[in-house]
Amino acid sequence: MLVAPSLLSADLGHLDRDIRRMESAGADWMHIDVMDGQFVPNISFGLPIVKAARASTNVTLDVHLMMVQPERYIENFAQAGADVLTIHVEASLHLHRSLLAIRQAGMKAGVALNPHTPVALLEDVLDCFDLVCIMSVNPGFGGQTFIHQTLKKVTSLVSMREDGAHDFLIEVDGGVRPEQGAALRSVGVDVAVAGHALFSAEDPAAVVRALKGARGSR
Ligand code: DX5
Ligand code: ZN
């Protein structure tokens, strides 16, 4: 399982230092949460932070757009250096078209589902995305409590992927803490996003090891 620290919990005044710290801790990707104050109640940051992160690291930048009409900014995020661009089903009127546009812009296309949104909505676009992000909290804030119910969707997606011989990755985002590692791995999660758990830890490497189920971890 890959681990993607959410930069929402980083110290933006020391972004470069915090990214390096997460890389040394064994993190695989960096997850960047863009919030518009409309799709979600909160406003976080946008293109300049993606550019700054790109200048700091070569790892995959996994950009999660929590915004209405995300299709307006696909080209801008490609230019800023995003590798994966994830848009919400609930915010995308023409999801099929937008996912193809993300690939056309040279990025991997991701699609995110809020906790109440069923995976059935993806049935007719299974070939059009490279990653599905299952929200395990209601998006908008870091440090919330993990909603276990959402893991059922991972199990359904694993079957859908097998049945159709698709090859998208399954990501879980929100409230992930070391103690969820075993459950995430057992249902087949490919990418675990963690903000608060990693950035508030004295030893983030121990958190990464626990999530990955490495020998000797908690
Ligand atoms: C929630 C964001 C998450 C969040 C994760 O709206 O999409 O990526 O930053 O942070 P934690 O792990 O603190 O819940
Ligand atoms: Zn996110």
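Contact here means heavy atoms within 4.5 Å. Keep that cut-off in mind for the first stop. The model on screen is predicted.

**Stop 1: helix H8**

Select residues 204-212, which form helix H8. This helix is mostly covered, with 7 of its 9 residues buried. Colour the buried ones: Pro204, Ala205, Ala206, Val207, Val208, Ala210 and Leu211. What do the buried residues of H8 pack against? Show strand S1 (2-5) and strand S8 (191-194). Then add helix H1 (15-24), helix H6 (181-187) and helix H7 (196-199). The buried residues of H8 pack against these strands and helices. Now step just past H8 to Gly213, where phi is positive, at about 75°.

**Stop 2: the zinc ion**

Select ligand 2, a zinc ion. Which residues coordinate the zinc ion? Show His31, Asp33, His64 and Asp173 as sticks. His31 binds through NE2 and His64 through ND1, while Asp33 and Asp173 use OD atoms. The distances run from 2.0 to 2.3 Å. The zinc ion has 6 donor atoms, and the site is octahedral, with angles of 69 to 172°. Along the chain the donors follow the spacing H-x1-D-x30-H-x108-D. Trace the link from His64 in strand S3 (residues 60-66) to Asp173 in strand S7: these two lie 109 residues apart and join distant parts of the chain. His64 counts as buried because its relative accessibility is 0%. Asp173 is buried too, with a relative accessible area of 6%.

**Stop 3: the aromatic pair**

Next, look for paired rings. The count is 1 aromatic pair. Select Phe129 and Phe168: their rings are tilted, with 4.9 Å from centre to centre and 45° between the planes. Where do the two residues sit in the chain? Phe129 is in the loop between strand S5 (108-113) and S6, and Phe168 is in the loop between H5 and strand S7 (169-173). The pair links distant parts of the chain, 39 residues apart. Is Phe129 buried or exposed? Phe129 has 1% relative accessibility, so it counts as buried. Phe168 is buried as well, at a relative accessible area of 1%.

**Stop 4: Thr150**

Finish at Thr150, in the loop between strand S6 (131-135) and helix H5 (151-163). Thr150 counts as buried because its relative accessibility is 2%. Draw a distance from its side chain to Ile147: a polar atom of the Thr150 side chain lies 2.6 Å from the backbone oxygen of Ile147. Now show Pro115, Ile134, Met135 and Ser136, which Thr150 touches, leaving aside residues up to four places away in sequence.

Definitions and conventions. Residues numbered from 1 in each chain as written. Chains lettered and ligands numbered in written order. Predicted model: local features only at pLDDT ≥ 70, side-chain atom pairs only at ≥ 80, totals over all residues. Heavy atoms only, no water. Helix = DSSP H or I, 4+ residues; strand = E, 2+ residues; numbered from the N terminus. Buried < 20%, exposed > 50% of the residue type's maximum accessible area, 1.4 Å probe, protein only. Polar contact = N/O pair within 3.5 Å; in protein donor to acceptor, adjacent residues only side chain to side chain. Phe/Tyr/Trp six-rings, centres within 6.5 Å; stacked < 30°, edge-to-face > 60°. Donors = N, O, S within 2.8 Å, 3.2 Å for Na, K, Ca; no water. Tetrahedral: all angles 85-135°; square planar, octahedral: opposite > 155°, others 65-115°.
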